[in-house]
Amino acid sequence: MPRPLVPDRRARILDAARALILEHGWPRTTVADVAARAGIGKGAVYLELPDKAAILDAVLRRSTRDLTAEVRRRVVEAAGVVDLPAVYRFGTEALLGDPLMRALYVGDETLLGDHVRDVAGGAGGDRYVGRLGWLSEYVARLQDAGIVDPAVPTATVVRVLGIFSVGLVHAPGTIGAASDDELRDAVALFADLVGRGLAVDLPADVEAARAAQLGLLARLDHQLDLLEEP
């Protein structure tokens, strides 16, 4: 007689892996450890995820989804204009509020090990390329909303934002780890410089800017949905 399926098996695996990462670090965690913490057999883990690297990738995707939800909440609740400095501020605050996302962006190898250097390899690069197209539409909508100077080519703005965003992920593996304050200050300065440099003396459409940001977040959520499909 076949053994019954474990309810929410994938969620239990990811919950267990996250807890073990925070307790012992990913380098010291094994698939057997994850299985034991989840209360399932090791073979059952492999039915959901093919290897240890895939487990970590799934854990971080779930954290990314949670981060997106938190940024969305801040955008919806914001009273003023949701411009580029505001978006970067919301994102940084949400990121530093999640220990795993924080570890990824400040380069905490104690928690994530080599993953802080390898994060941009493999399929990750394709994800960034896809997001640049969404970013182009987002920037164009901000230009239409009177938030970003329409005299600056959209493609130029997108390349600058893309270089910074991808560089932020690569930075720990190339120039070393950062503290929370160093990350926060660097992002804040970049956002302030870009915000002032692209500001325009036009009436701002607050709701259009908010809708543009929510649209970008929805696209990221959809990409994460596709990555979760078997």
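What pattern does the protein chain follow when read along the sequence? The pattern is α-α-α-α-α-α-α-α-α-α-α-α, and the secondary structure comes to 12 helices and 0 strands. The model is predicted.

**Confidence and overall figures**

The pLDDT of the protein chain averages 88, and 89% of the residues score at least 70. Confidence is highest in helix H2 (residues 31–38), with a mean of 97, and lowest in helix H8 (residues 115–118), with a mean of 69. Over residues 120–125 the pLDDT is below 50, and this stretch has 2 contacts in the model beyond near neighbours in sequence. Where pLDDT is low, the predicted coordinates should not be read in detail.

Of the 230 residues in the protein chain, 41% are buried. The accessible surface of the chain is about 11900 Å², and carbon and sulfur atoms account for 57% of that surface. Contacts between residues at least 6 apart in sequence join residues at least 24 apart in 73% of cases.

**Helix H10**

Helix H10 covers residues 154–175, which makes 22 residues. From first C-alpha to last, H10 reaches 29 Å, close to the 32 Å expected at 1.5 Å a residue. At Val169 the helix bends by about 45 degrees, and a proline, Pro172, follows within four residues. Both Val169 and Pro172 are among the buried residues of H10, which also include Val157, Leu161, Phe164 and Leu168. An α-helix has 3.6 residues a turn, so residues three or four places apart point the same way. After H10 comes Gly176, whose phi is positive, near 100 degrees.

The loop between helix H9 (124–144) and H10 holds Ala151. Is Ala151 buried or exposed? Ala151 counts as exposed, because its relative accessibility is 65%. Its C-alpha atom is separated by 9.2 Å from that of Leu198, a residue 47 places away along the chain.

**Salt bridges**

The whole structure contains 18 salt bridges. Three of them are given below, with the distance between the closest N and O atoms.

| Acidic residue | Basic residue | Closest N and O atoms |
|---|---|---|
| Glu48 | Arg9 | 3.0 Å |
| Glu70 | Arg73 | 2.6 Å |
| Asp108 | Arg102 | 3.9 Å |

The pair of Glu48 and Arg9 links distant parts of the chain: Glu48 is in helix H3 (residues 42–48) and Arg9 in helix H1 (residues 9–24), 39 residues apart. Glu48 is partly exposed, with a relative accessible area of 25%, whereas Arg9 counts as buried at 15% relative accessibility.

Glu70 and Arg73 lie in one helix, H4 (residues 52–77), 3 residues apart, or about one turn of the helix. Glu70 counts as partly exposed at 22% relative accessibility, and Arg73 counts as partly exposed at 37%. The two residues also belong to a network of salt bridges that links Glu70, Arg73, Arg74, Glu77 and Glu93. In the third pair of the table, Arg102 counts as partly exposed at 23% relative accessibility.

**Asp221 in helix H12**

Helix H12 (residues 206–228) contains Asp221. Which residues are in contact with Asp221, leaving aside its neighbours within four places in sequence? They are Arg65, Thr68 and Arg72. Why does Asp221 count as buried? Its relative accessible area is 15%, and buried means under 20%.

Notes:
Residues are numbered from 1 along each chain as its sequence is written. This is a predicted model: local features need pLDDT of at least 70, side-chain atom pairs count only at pLDDT 80 or more; totals for chains, interfaces and linings use all residues. Side-chain values use heavy atoms; hydrogens and water are left out. Helices (H or I, at least four residues) and strands (E, at least two) are DSSP runs, numbered from the N terminus. The expected span of a helix is 1.5 Å times one less than its number of residues. The bend at a residue is the angle between axes fitted to the seven residues ending there and the seven starting there. Buried means under 20% relative accessible area, exposed over 50%, partly exposed in between (1.4 Å probe, protein chains only). pLDDT is the predictor's confidence in each residue, from 0 to 100. Contact means heavy atoms within 4.5 Å. Accessible areas come from the Shrake-Rupley method with a 1.4 Å probe; for residues, only the protein chains shown count as cover. A salt bridge is a side-chain nitrogen of Lys or Arg within 4 Å of a carboxyl oxygen of Asp or Glu.
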